[in-house]
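Reader: I am new to this structure and would like to go through it in questions and answers. Please keep the replies plain.

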Amino acid sequence: FLLIWMTIKWHIIPLNLSGYVSLFRDPYGFFLYFILPWITLAFNFAAIYTRYTRSTILETQSEDYIRTARAKGISDRKILVKHTLRALIAPIATMASLDFATLIGGAILTESIYNLPGLGRLSISSVFEFDLPVLVATTLVSAAVVPTSSMPTKANTAIWKPAKKPLMPFGNMPPSFHRWVKEATVPVGD
């Protein structure tokens, strides 16, 4: 309600209450129609991400490898980009994937307030109309969002924070074991 008041009083954010407009028919009208709901949903998460990013950066700045990089004379900007932000990407991506599922739940209320067509509004109307198949379908779609949104996070974590290389079979055995395997191997067909 604060956003709507700011829109009407100060004209900071354009207010468009004319109704839903398709993105393909009028992109500017689509943007005007969705700017307030987008800001409403973003305000929920902006403070959380800002606080988490700040605390993680401050924590990472006290790590040994950051102090070593400073001692080598690497510039602060390069340390921030190459070391600190690299350590920050994986936890932020994990939080974002989990918050994406929360965003779907929060969109139900936002869709109702701003009279938006969407999955949340459909599920609310199916509850009031006792339409069980639609309610089950919207619940399944919403439930499928959680594992689907976590898959890119797993790939992102594998890229940005790679674990040690997996050991090959017998790769960490002493050289005497490898000699024994060679001697014990009998050629096939002799």
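Reader: In which helix does Ser142 lie?
Author: This is a predicted model, in which local features need pLDDT of at least 70 and side-chain atom pairs count only at pLDDT 80 or more, while totals for chains, interfaces and linings use all residues. Residues are numbered from 1 along each chain as its sequence is written, and side-chain values use heavy atoms, with hydrogens and water left out. Helices (H or I, at least four residues) and strands (E, at least two) are DSSP runs numbered from the N terminus. By that naming, Ser142 lies in helix H6.

Reader: Is Ser142 buried, partly exposed or exposed?
Author: Buried means under 20% relative accessible area, exposed means over 50%, and partly exposed is in between (1.4 Å probe, protein chains only). Ser142 has a relative accessible area of 26%, so the residue counts as partly exposed.

Reader: Which residues does Ser142 contact, leaving aside neighbours within four places in sequence?
Author: Contact means heavy atoms within 4.5 Å. The C-alpha atoms of Ser142 and Ile104 are separated by 7.1 Å, with their positions 38 residues apart along the chain. With neighbours within four places set aside, the contacts of Ser142 are Ile104 and Leu119.

Reader: Which residues of helix H5 are buried, and why do they line one face?
Author: H5 covers residues 119–128. Its buried residues fall within an arc of 130° seen down the helix axis, so they line one face (the arc is that of the directions from the axis to the C-beta atoms). An α-helix has 3.6 residues a turn, so residues three or four places apart point the same way. The buried residues in H5 are Gly120, Ser123 and Ser126.

Reader: What is the phi of Phe130, just after H5?
Author: Phe130 is placed in the loop between H5 and helix H6 (132–160). Phe130 is exposed, at a relative accessible area of 76%. Although Phe130 is not a glycine, its phi is positive, at about 55°.

Reader: How many residues are in the largest nonpolar core, and which helix gives the most to it?
Author: A nonpolar core is a set of buried Ala, Val, Leu, Ile, Met, Phe, Trp, Tyr and Cys residues joined through side-chain atoms within 4.5 Å. The largest one consists of Phe30, Tyr33, Phe34, Ile35, Leu36, Tyr114 and Leu116, which makes 7 residues. The helix that gives the most to this core, with 5 residues, is H2.

Reader: What does Leu116 touch, not counting residues up to four places away in sequence?
Author: Leu116 belongs to the largest nonpolar core. Among the residues touched by Leu116 are Tyr33 and Phe34, which are also in that core. The full set is Tyr33, Phe34, Pro37, Thr110, Glu111 and Arg121.

Reader: How many residues does the other core have?
Author: This core lies apart from the largest one. Its members include Phe45, Tyr49, Leu88 and Ile92, and its size is 5 residues.

Reader: Which residues form a nonpolar patch on the surface?
Author: Patches are made of residues with over 30% relative accessible area and no salt bridge, where like charges are joined within 9 Å and nonpolar side chains (Val, Leu, Ile, Met, Phe, Trp, Tyr) within 5 Å. One residue of this patch, Trp38, is in helix H2 (residues 27–61) and is partly exposed at 40%. Together the patch has about 350 Å² of accessible area (Shrake-Rupley method with a 1.4 Å probe, only the protein chains shown counting as cover for residues). The patch is formed by Tyr28, Phe31 and Trp38.

Reader: How far apart are the closest N and O atoms of Arg67 and Asp64?
Author: A salt bridge is a side-chain nitrogen of Lys or Arg within 4 Å of a carboxyl oxygen of Asp or Glu. Both residues lie in helix H3 (residues 64–71), 3 residues apart, about one turn of the helix. Arg67 is partly exposed, at 46% relative accessibility. In this salt bridge the closest N and O atoms are separated by 2.3 Å.

Reader: With which residue does Arg70 form a salt bridge?
Author: The count of salt bridges comes to 2. Arg70 is partly exposed at 39%, and its partner is exposed at 54%. Their closest N and O atoms are 3.5 Å apart, and the partner is Asp76.
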